[in-house]
Structure formats: structure tokens, C-alpha cells
Amino acid sequence: MEKIKWDAAFQTGHPIVDGQHKNLFTLVNKLQEAISENKSKMAVQDSIDLLTVYINTHFKTEEEIMQSNGYPDFEAHKKVHDGLKEHTLKLIKLYHLNKVDLTATIYNFLSEWIQNHIKETDYKMIRWLNEQTKLN
């Protein structure tokens, strides 16, 4: 598994959102390291837990930004967030139940999802916010 790399292609132009996205990349990469270095199940679980908490924090931040600015696609964007949380929790439950070694599956899902979400859904939101700023 390769680490995901932050670069200018992921910058939305919103300093808070970009800072949190960078942190998400770091946490996903820490999970990848724990998996690839065959660290203990506890170390992998700690990485998963930290990433899960941070994802929730990040989504809350984005949702507050959207709501406070009257973002018209708030409900659709929130549904995307809720879908990620739900899917991630399902994968983690299966991991806890020792059904399958899902660490790589969790990493792959999160790394691909985060990258795609930033480039699509988050860019759309930030573009709208920037347009509102220009209009005011």
C-alpha cells in the first residue's frame, strides 16, 4: 500500500478545511504504516479510532461552515458524510468481530474516499462559498 500524498490538487482554498484535510491525510497514512509494519492489533485499532474521531470532527466543522453560510446543497453534502461514517463503522465492526482482516480494506476505502470527496464534493462547497464572498 502506498501512502496518500497531499499536494496542491487537494487545496480548496479554505484554510480551516485544507488544514483538516491535511490532518486526515496524515492519519490515513499512520493507519497505513501501522498495517504495513505489522504493528499489533491494538496499534492498528488506535489508528482506526483516532482517524474515526477526526473524521467526525472534520465533518462537523464542514457542516457548521455550510449551515452558517446557508449552503444550498447542505443536505446532500451531509448525506455523503453520513454515508462515509456508516460504511466506515460497518467495516470497523467487522474488524472488531475478527470476521476478516479488514485493515487494508479500511485503509483503501478511506484513502480513496477522502481524495475523491475533496476533489468533488468539497470543491463544490468551497467554490459556492467563494462566490458568495464575491457577491457580498
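This section describes the fold, the helices, the aromatic pairs and the internal cavity of a predicted model.

The protein contains 4 helices and 0 strands. From the N terminus on, the order of elements is α-α-α-α. The C-alpha trace spans about 55 × 25 × 20 Å along its principal axes. The radius of gyration is 16 Å. A compact globule of 136 residues would have a value near 14 Å, which agrees. Of the 136 residues, 41% count as buried.

Helix 1 covers residues 15-36. Its 22 residues should span 32 Å at 1.5 Å a residue. The end C-alpha atoms of helix 1 lie 31 Å apart, so the computed span agrees with the expected one. Ser36 belongs to this helix. The relative accessibility of Ser36 is 42%, so this residue counts as partly exposed; the buried class would require a value under 20%. Ser36 and Gln20 are 16 residues apart along the chain, and their C-alpha atoms are separated by 24 Å. Just after helix 1, Asn38 adopts a positive phi of about 50°.

Helix 2 covers residues 41-68. With 28 residues at 1.5 Å each, helix 2 should span 40 Å. The distance between its end C-alpha atoms is 40 Å, which agrees. Just after helix 2, a positive phi recurs at Gly70, with a value of about 65°.

Aromatic contacts were examined next. A pair of aromatic rings is described by the distance of the centres and the angle of the planes. With centres required to lie within 6.5 Å, the count comes to 4 aromatic pairs. One of them joins Trp6 and Phe25. Their ring centres are 5.3 Å apart. Their planes meet at 85°, so the pair is edge-to-face; the cut-off for that class is over 60 degrees. Trp6 sits in the segment before helix 1, whereas Phe25 lies in helix 1. The pair therefore ties together parts that are 19 residues apart in sequence. The two partners fall into separate accessibility classes. Trp6, at 23% relative accessibility, counts as partly exposed. Phe25, at 2%, counts as buried. Ring pairs also bring in Phe10, which forms a cluster with Trp6 and Phe25.

Internal space was searched last. Rolling a probe the size of a water molecule over the atoms shows where empty space is left. The search of the whole structure returned 1 cavity of 30 Å³ or more. About 50 Å³ of space lies in the largest cavity. Its lining includes the aromatic residues Phe59 and Trp113. His21, His58 and His117 also line the cavity. Leu24, Ile55, Leu84, Ile114, Ile118 and Asp122 are further lining residues. By class, the lining divides into 7 nonpolar, 3 polar and 1 charged residue. Helix 1, helix 2 and helix 4 (103-135) each give two or more residues to this lining. Helix 4 gives the most, with 5 residues.

Technical notes:
Residues numbered from 1 in each chain as written. Predicted model: local features only at pLDDT ≥ 70, side-chain atom pairs only at ≥ 80, totals over all residues. Heavy atoms only, no water. Phe/Tyr/Trp six-rings, centres within 6.5 Å; stacked < 30°, edge-to-face > 60°. Buried < 20%, exposed > 50% of the residue type's maximum accessible area, 1.4 Å probe, protein only. 1 Å grid on protein atoms, 1.4 Å probe; cavity = no way out; pocket = protein on both sides within 12 Å on 5 of 7 lines; lining within 4 Å. Points joined across faces, edges and corners; volume = space filled by probe spheres on them. Nonpolar A, V, L, I, M, F, W, Y, C, P; charged D, E, K, R; others polar. Expected span 1.5 Å × (residues − 1). Rg over C-alpha atoms; globule rule 2.2 N^0.38 Å.
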